[in-house]
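Q: I have a model open and want to learn how to read its local features. Where do we start?

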Amino acid sequence: MSLFETVPANLFRPLASPGAAIYTQVLLALFAATKQQSQPLSRERALSLVEQQLEQPNAEVLTSDAHEEESELEQNNHASAILRSLRAWGWLRFEQQSDYSSAIILPDYAFRLLQLFEDLATKQRQHLRGMICGIHDVLEKACTGDAPHDRLSNAYDQTLFLTQALKELQHNIGLHIQTVLKTLKTKDVLEHVFGSYRKDIVDQAYHQLRTSDHLSRYRPAILQFLHKIERTNLIDLSAQHLVSRGEAASFELAYNRLSEQIETIRSHFEQLDQLIRVIDLRHSQFVDSAVRNIELFLSASTSTSGQLHSILSHILPNPEAYAQASPEINELLNIYEVQLTDQQSLTAPTRAAVPFESQADSYIPISEADIEQAQAATLRQLRRSISRDRVRRYALQLLGDAEQRRGSEIELESIDDLSLIIYLRSYGDGSLGYKVEPIDDGVWVERDGVGFRDFLVRRVSTEQPA
């Protein structure tokens with residue numbers, strides 16, 4: 001199937017025009033407003049958004065092609081011309097409402113494309129956190145017979161998305177390696193390693209992939225769930241349901257589709273080890289590249305070229321003169337040039353070592369008010385920690401003058417009270433001056449969406465016998 005059987009042939013025309021940046025911002029503004037409103041976007045609101053973007057320098061000149069197919073009578077308003085052109089190119093639809101006013105509608109393909117554009121513009125990455133665990137939970141629920149046809153399709157889509165996101169992660173690590181190899185300052189290398197790389201790669205995906213969302217933790221159960229779905233009547237019931245909903249022409253087609261989805265999920269999870277090993281290798285290459293680059297700077301003072309750089313930097317009258325003469329100095333200090341056997345090799349070319357010079361970091365002094373505010377926030381966090389002494393004081397506060405009290409009588413005033421109740425049950429062995437005892441045929445208690453079986457808190461003596 002051709003792409004342009006689904007989308008208009010002129011859809012990408014504004015993105016290839018001189019005003020592509022303006023058109024993109026107009027579309028993203030309309031897209032953001034459409035997502036925020038429950039009703040279709042009015043024409044007046046759309047015109048206001050377009051006019052805001054036209055306030056940029058040379059915006060009307062860059063988007064002058066919006067008037068090409070209009071008559072002179074229609075060229076009185078540039079914002080209206082842009083809306084009509086976007087409709088002609090397939091990005092918008094005009095829909096008449098019951099009150100005869102016009103509303104702006106985005107086609108389905110425009111929603112998908114603009115969501116992608118928005119993610120790229122805001123540098124949003126595909127999240128891998130919890131994805132393997134999510135596939136595990138969906139298949140586990142499918143095995144219970146709870147809408148297995150929908151859950152199997154959901155697991156299939158998530159598996160394809162997982163593989164795509166892992167491949168994207170692999171390629172993104174390669175971009176970070178190239179950036180580090182081109183960096184010429186130790187400070188910039190360290191900022192990249194502990195800044196952008198940690199934020200975009202380690203914290204967002206890689207750490208969870210090797211710890212809480214580890215493949216070996218969930219894959220055996222996932223394969224077992226798939227085997228159970230195949231060996232029971234769940235796949236037959238799912239196929240019948242797809243036929244009854246009109247999503248498949250026959251039982252055989254529905255059964256084959258579900259079988260292919262199961263086989264795809266199985267094959268992807270069986271082959272994920274190889275892809276993750278490649279990601280581990282790329283991660284190791286990035287770390288090695290950063291370390292070697294830093295070692296080059298730190299060991300520069302022990303090399304002949306590094307010492308000559310230091311001598312000449314002190315001989316020249318000022319740093320500006322040294323910076324101006326630096327290219328000529330590099331040519332003089334390179335005794336010979338190493339030629340790569342393969343001119344297309346991706347290996348970084350060698351360069352003369354430059355001595356490392358530490359630079360003092362500039363920082364904004366912290367005021368006394370900021371210090372007191374930070375201390376108060378730290379104190380609040382420390383007070384939220386739950387110790388045995390705090391649990392003991394909480395139990396004595398609940399009991400008051402009484403000898404015993406039911407759990408159903410405890411009121412939850414904050415989220416911290418829920419944690420205290422959990423620890424109250426855990427430490428209720430009598431060592432803290434109270435004891436928690438179950439109640440025969442205790443009722444189920446609901447408190448602000450939290451449920452537990454009723455129990456009894458009884459005061460006991462902690463004195464040791466003589």
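The dialogue below goes through the sheet, a helix, aromatic contacts and unusual backbone angles.

A: One caution: this is a predicted model. Let us take the strands.

Q: In what order do the 3 strands of the open sheet lie?

A: In a regular strand the side chains alternate between the two faces of the sheet. Here the order is β1-β3-β2, with antiparallel pairing. β1 and β2 stand at the edges, each with a single partner strand, so one side of each has no neighbour in the sheet.

Q: How many bridges join strand β1 to strand β3?

A: There are 2, between β1 (residues 41-42) and β3 (residues 102-105), and the strands run antiparallel. To find the register, look at S42: its bridge partner in β3 is A103.

Q: And over how many bridges do β2 and β3 pair?

A: Over 4, again in the antiparallel sense, with β2 covering residues 93-96. Q96 stands opposite S102 of β3.

Q: Which residue takes a positive phi in the hairpin of β2 and β3?

A: Most residues other than glycine have a negative phi, and most peptide bonds are trans. In this hairpin, Y100 takes a positive phi near 70 degrees. The hairpin has 5 residues between its strands.

Q: Now a helix. What should the 14 residues of helix α5 span?

A: At 1.5 Å a residue, α5 (residues 108-121) should span 20 Å. Its end C-alpha atoms are 20 Å apart, which agrees.

Q: Which residues of α5 are buried?

A: They are Y109, A110, L113, L114, F117 and E118. Seen down the axis of α5, these buried residues fall within an arc of 165 degrees, so they line one face of the helix. The general idea is simple. An α-helix has 3.6 residues a turn, so residues three or four places apart point the same way.

Q: What is exposed on the other side of α5, D108 and R112 included, and what covers the buried residues?

A: D108 and R112 are exposed on that other side. The cover over the buried residues of α5 includes α1 (20-36). Look also just after α5: K123 takes a positive phi of about 60 degrees there.

Q: On to the rings. How many aromatic pairs does a search of the whole structure find?

A: It finds 7. One of them joins Y23 and W89, edge-to-face, at 5.5 Å centre to centre with 85 degrees between the planes. This pair links distant parts of the chain: Y23 lies in helix α1 and W89 in helix α4 (residues 78-89), 66 residues apart.

Q: Are Y23 and W89 buried or exposed?

A: Both are buried.

Q: What kind of pair do the rings of F251 and Y255 form?

A: Planes under 30 degrees apart count as stacked, over 60 as edge-to-face, and the rest as tilted. The planes of F251 and Y255 are at 35 degrees, so the pair is tilted. The ring centres are 6.0 Å apart. F251 and Y255 are 4 residues apart in helix α11 (residues 251-298), which separates them by about one helical turn. F251 counts as partly exposed at 30% relative accessibility, and Y255 is partly exposed at 29%.

Q: Which residues lie over the face of Y427 and of F455?

A: R388 lies over the face of Y427, at 5.2 Å from the ring centre. R425 lies over the face of F455, at 4.6 Å from the ring centre.

Q: Back to phi. Where is N58 placed?

A: N58 is in the loop between α2 (43-53) and α3 (59-62). Its phi is positive, about 60 degrees, although N58 is not a glycine. N58 is exposed, with a relative accessible area of 54%.

Q: And where is A147 placed?

A: A147 is in the loop between α6 (131-142) and α7 (148-182). Phi of A147 is near 50 degrees, a positive value in a residue other than glycine. A147 counts as partly exposed, at 25% relative accessibility.

Q: Last, a contact list. With which residues is Q261 in contact, leaving aside its neighbours within four places in sequence?

A: Q261 is in contact with L152, S153 and Y156. Q261 is in helix α11. At 9% relative accessibility, Q261 counts as buried.

Key
Residues numbered from 1 in each chain as written. Predicted model: local features only at pLDDT ≥ 70, side-chain atom pairs only at ≥ 80, totals over all residues. Heavy atoms only, no water. Pairing = 2+ DSSP bridges. Expected span 1.5 Å × (residues − 1). Buried < 20%, exposed > 50% of the residue type's maximum accessible area, 1.4 Å probe, protein only. Arc of directions from axis to C-beta. Contact = heavy atoms within 4.5 Å. Phe/Tyr/Trp six-rings, centres within 6.5 Å; stacked < 30°, edge-to-face > 60°. Lys NZ or Arg CZ within 6 Å of the ring centre and 35° of its normal.
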